[in-house]
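Colleague: Take me on a close look at just one part of this model, please, the surroundings of DNA strand C. Which residues come nearest to DNA strand C?

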Number of protein chains: 2
Amino acid sequence: MKEDKLPTIKEIAKQLNVSVSTVSRALHDHPGIGLRTKMRVQKLAQELDYEPNQTAIFFKQRKTFTIGVVLPNLKEEFFSEAINGIEEIAIQNKYSVLISQSKDEAEREKQIITTMKNNRVDGIIVSLAKHTVSYEHFIALKKYNIPVVFFDRVPTGPDFNKVYSNMNSGTREAIEFLIDKGHRRIGVLNGPEEMKSSKERTETYKQVLVKKRLKIDLGLVASTDLTREGTFKAMEALLSQRPKPTAILAINDYIALDAMLYARQQRLKINKDITFVSYANLPITSYLETPPMASVEQYPFKQGAKAAEILIDLLKKEDKPAKPGDPETFQNVVINGQLVVHSKR
Amino acid sequence: MKEDKLPTIKEIAKQLNVSVSTVSRALHDHPGIGLRTKMRVQKLAQELDYEPNQTAIFFKQRKTFTIGVVLPNLKEEFFSEAINGIEEIAIQNKYSVLISQSKDEAEREKQIITTMKNNRVDGIIVSLAKHTVSYEHFIALKKYNIPVVFFDRVPTGPDFNKVYSNMNSGTREAIEFLIDKGHRRIGVLNGPEEMKSSKERTETYKQVLVKKRLKIDLGLVASTDLTREGTFKAMEALLSQRPKPTAILAINDYIALDAMLYARQQRLKINKDITFVSYANLPITSYLETPPMASVEQYPFKQGAKAAEILIDLLKKEDKPAKPGDPETFQNVVINGQLVVHSKR
DNA sequence: AAAGTTCCCGCAACCGTTTGCGTATGTGTC
DNA sequence: GACACATACGCAAACGGTTGCGGGAACTTT
């Protein structure tokens, strides 16, 4: 009943009594093929609904036109926004996107990278799992000529392509904003210490306080492992300081939300007894009755798009004969975070 | 400098002075290969870091071990949860997942399906764009032997595999819940009329009211196109009814949040002047000070997982010789939504 | 010792497409 | 009518791996 056999180039060739190479060339508008046969071929291809078998092409060309994306999860709007950026650029360049979640587990991340490598994705975009400390599995990709671009959660060291937002200026703005509002005891709800950004945040925090001639109290800096429980614990630690902090800078909007939840449980009025400022500026906060007073926008869409651009550029360059003497260079794009103030008072 | 050449089966064969077929079989633990050579081959493969070229295998086996997932967007937690379910099952079965967003545009959806078809994904899981009305591009996949499983936003008609949650029982529960709480004027914030679920919701709404002997006022049923503006408009319409509704059943949590936003702008107190009940029961609501009073849980993870299971089952069956007489059958799995009450009063 | 078995392994085709190279036919030139 | 030259197409190899089949060597059987 069903004809089961998909039309191939061979099929067309047979029906038209020409060779497969002629068909192939005709379909690609190769100049060496006469107009007459070119037309005949294209017409029949139309009629048969011929579509080239991409797997064959991938195999032959040693290219899959697929880029892999590995990120901690898809639930956070930051990442799904970033994917939008990636997809946008990918589609424009006729690339497909293979997405996988590390679930913030280093082991799983490694596994995913291996799979992607074997599937011969052309390149990979990564936002690291929160506890990833070893980058060997990424370095190993070099042997396979698979370029990697990191974004947001990027590794330290110069030997990587990366796109990330510079928290420092945003952090500075955020803290100065709070100080301007009269806050003197400002808590920091920081991420795990393995994350590069965590250290930087603490650093900038100290710098601003010094500059503003305020006392530094490291009891006001706490780490959460990004789980709700971890955040609650960190909040508990922060709120037990005396005098209590009147404002808190949280590593991202989700953590801020968890922190608010805890604060409410402690009968604190948000934006009155305690003020929050965080990072990311996610749409989710627009739904809230009491959003963080300000948020450092990190432009996830832009980050994703930029990472994709860099990757695709690399892929295009790869086709060209690399000049032998060329030292390998790495892109390092910094997108400045910017403080967005949500509420006036 | 860099050896550029990836190790292949040929390479191993040459180094060991055996044929490629022997190597291939040795690596697969084929019984027809002697223990000695099997060991030698496997050892060398190890040393060379040999990894089979999947693209070659895909091509040869006419199978890619990839399933495509098409859904409206990744931003909604419902969908990202569903993906988690899909990924879970996929990984267990050694499938990769190719994700693409239709952005709720029928045209883009069609485009994606075409690309996936050409990329020879083994099967596809789809949640329809909100205005998709023609299913031809899906039906066309049959010719390519690519099975499709729909979830959540499923097409009407019996000729499709689908997994969706039965809103009716949930809707019934939700409305009865509101009536029990004393509400008599219950508004419905429904989705676009193209969506099957919208019609059903209205239907069930009417049934319950009839059963409870309440007057039906269709002015209390409004449609939103799922954008924030659309929802505001619909809310405006609902709130202009007299007497005003005291409770609103919203098509999903996001819409409920938008609606609340509007209600607050109108100086209505949530859960006091006006009560919301919605669908999905997303984690996002756990962050809210005033979450919907109740929500119909739709088990996105389960839906995704189930869809993936069905698809993979189909793929496995495909390998087996299909009995010619067999009429094609379609799975139709219904997951009952269940009302989850958030706040007591 | 010849015949039959069993055990291992190699040969070669195949999947669908691309592409370098060779060649038949046609065109133009003197 | 012999020559060069372009034009239009075919041949065949290659990409990397899988698999049916066939066959040589070693071993068992009678």
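Modeller: Here's the tour, from the nearby residues to the individual contacts and the elements behind them. This is a predicted model, with local features kept from pLDDT 70 up, side-chain atom pairs from 80 up, and totals for chains, interfaces and linings using all residues. Residues count from 1 along each chain as written, chains are lettered from A and ligands numbered from 1 in written order, and side-chain values use heavy atoms, without hydrogens or water.

There are 27 residues around DNA strand C (a heavy atom within 4 Å). Nearest come Arg25(A) and Tyr50(A) from one chain, with Thr22(B), Gly34(B) and Arg62(B) from the other. By class, this surface has 13 polar residues, eight nonpolar and six charged. Turn to the strand itself: of its atoms within 4 Å of the protein, 56% belong to sugar or phosphate, and the rest to bases.

Now for the polar contacts (N or O pairs within 3.5 Å). Arg62(B), already listed among the nearest residues, puts a side-chain N or O atom 2.5 Å from a phosphate oxygen of DNA strand C. His28(A) also has a side-chain N or O atom by a phosphate oxygen, at 3.1 Å. Lys60(A), meanwhile, goes for a base: a polar atom of its side chain sits 2.7 Å from a base oxygen.

As for helices (DSSP runs of H or I, at least four residues), those giving two or more residues to this surface are α1 (9-16), α2 (20-27) and α4 of chain A, plus α2 (20-27) and α4 of chain B. α4(A) gives the most, with four residues.

Notes. Polar contact = N/O pair within 3.5 Å; in protein donor to acceptor, adjacent residues only side chain to side chain. Nonpolar A, V, L, I, M, F, W, Y, C, P; charged D, E, K, R; others polar.
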